[in-house]
Every structure is written in C-alpha cells, then in structure tokens.
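Let's take a tour of a protein fold, one helix at a time. Have the sequence and the 3D view open while you read.

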Amino acid sequence: MPTEATDLTNLAAAMRLVTPNAEEATDATEAMNDMFLTAGTGTETQSQALSSLTRMLETGTFQTRTWASVMQAAPGPLNEVAQALLGPSANAVTLGKALS
C-alpha cells in the first residue's frame, strides 16, 4: 500500500525542523514510511499517522490523542522501538509517556 507523496513531503519538511540537515530529515522520513509499510497499515491510517507526526513536529508539542493515531498505524514496530530505547518491558504507550 503506497504512501501518499504529499504526506511524505509534509513529514520531511517537519522532520527538517528537528534534524540537523536535509539528508537526516529524508532518512528519518524514509524510516517512518518503512515502519508503516512493514506494519501493513492501510493507506488512510498511514496518512492519518503521518499527518499526526507532522503536527507534533511542527508545533513541538506531544499530544496523547495524536500519539494514539501513530500507535494505531504501527503498534508492533513502535513496541520494538520502545523496548530498544526503554527496556524489555516497554511498549508504545510507555514510549509515548517518555516522549511527553
């Protein structure tokens, strides 16, 4: 299920706000896209999650409802990220709390 180009473009622009250069923003955007594709998320859910991530990056604020959209799109990969960063008992919810 392909990701909408406009969603990726918007996310890349927002990633640029929190990364030191355009190359790292592009790499981070590609990694997020790969995560959603690996999770097998439908196009509409991907779009909602990417829009949510973009909003959080643009505003610099973490919002629980917005994070829920991201968790819905890729729960498995986010659990793996949480465990890698926070330890074996962590999950996407604890990752969200840590980010807030």
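Start with how helix axes are drawn: they are lines fitted to C-alpha atoms, for helices over the stretch in contact, and angles run from 0 to 180 degrees between N-to-C directions. The helices themselves (H or I, at least four residues) are DSSP runs, numbered from the N terminus, as strands (E, at least two) would be. This is a predicted model, where local features need pLDDT of at least 70 and side-chain atom pairs count only at pLDDT 80 or more, while totals for chains, interfaces and linings use all residues. Residues are numbered from 1 along each chain as its sequence is written, and side-chain values use heavy atoms, with hydrogens and water left out.

**Two helix pairs**

Two packed helices are described by the angle between their axes and the distance between the axes. Here is how two pairs look:

| Pair | Angle | Axis distance |
|---|---|---|
| H5 and H6 | about 60° | 8 Å |
| H1 and H3 | roughly 20° | within 9 Å |

At about 60°, H5 is oblique to H6. For angles, under 35 degrees counts as roughly parallel, over 145 as roughly antiparallel, 65 to 115 as roughly perpendicular and the rest as oblique. On the H5 side, the contact (heavy atoms within 4.5 Å) is made by Leu-78, Asn-79, Val-81, Ala-82, Leu-85 and Leu-86, and on the H6 side by Ala-92, Thr-94, Leu-95 and Ala-98. H5 passes H6 in a left-handed crossing; left-handed means that the near helix is turned anticlockwise from the far one by less than a right angle, and right-handed that it is turned clockwise.

H1 and H3 are roughly parallel to each other, and their crossing is left-handed. From H1, Asp-7, Leu-8, Asn-10, Leu-11, Ala-14 and Met-15 take part, meeting Ser-47, Leu-50, Ser-51, Leu-53, Thr-54, Leu-57 and Glu-58 in H3.

**The two sides of H1**

Which residues of H1 are buried? They are Asp-7, Leu-11, Ala-14 and Met-15. They cover an arc of only 100° around the axis, so they sit on the same side of H1; that arc is taken from the directions from the helix axis to the C-beta atoms. Buried means under 20% relative accessible area, exposed over 50%, and partly exposed in between (1.4 Å probe, protein chains only). On the other side of H1, Ala-5, Thr-6 and Thr-9 are exposed. The cover over the buried residues of H1 includes H2 and H3.

One residue of H2 to look at is Ala-25. Ala-25 is buried, because its relative accessibility is 2%. Not counting residues up to four places away in sequence, Ala-25 touches Ala-12, Met-15, Arg-16 and Thr-19. Ala-25 and Ala-12 are 13 residues apart along the chain, and their C-alpha atoms are separated by 5.8 Å.

**The loop after H1**

Now find Leu-17, in the loop between H1 and H2. Is Leu-17 buried or exposed? Leu-17 is exposed, because its relative accessible area is 56%. Leaving out residues up to four places away in sequence, Leu-17 touches Leu-57 and Glu-58. Glu-58 belongs to helix H3, and with the same kind of neighbours left out, Glu-58 touches Ala-14 and Leu-17.

**H3 meets H4**

Next, try Ser-52 in helix H3. Ser-52 has a relative accessible area of 3%, so Ser-52 is buried. Not counting residues up to four places away in sequence, Ser-52 touches Thr-66, Ser-69 and Val-70. Over in helix H4, Thr-66 counts as buried at 6% relative accessibility. Thr-66 touches Ser-52, Arg-55 and Met-56, again not counting residues up to four places away in sequence.

Thr-66 has buried company in H4: Trp-67, Ser-69, Val-70, Met-71 and Ala-73 are buried too. The buried residues of H4 pack against H2, H3, H5 and H6.

**The core**

How many residues does the largest nonpolar core have? It has 20, and those with the most contacts inside it are Met-32, Phe-36, Leu-53, Trp-67, Val-70 and Leu-78. H1 (5-15), H2 (22-38), H3 (43-59), H4 (64-73), H5 (75-86) and H6 (92-99) each supply at least two residues of this core. A nonpolar core is a set of buried Ala, Val, Leu, Ile, Met, Phe, Trp, Tyr and Cys residues joined through side-chain atoms within 4.5 Å. To finish, click on Leu-53: not counting residues up to four places away in sequence, Leu-53 touches Leu-11, Met-32, Phe-36 and Val-70.
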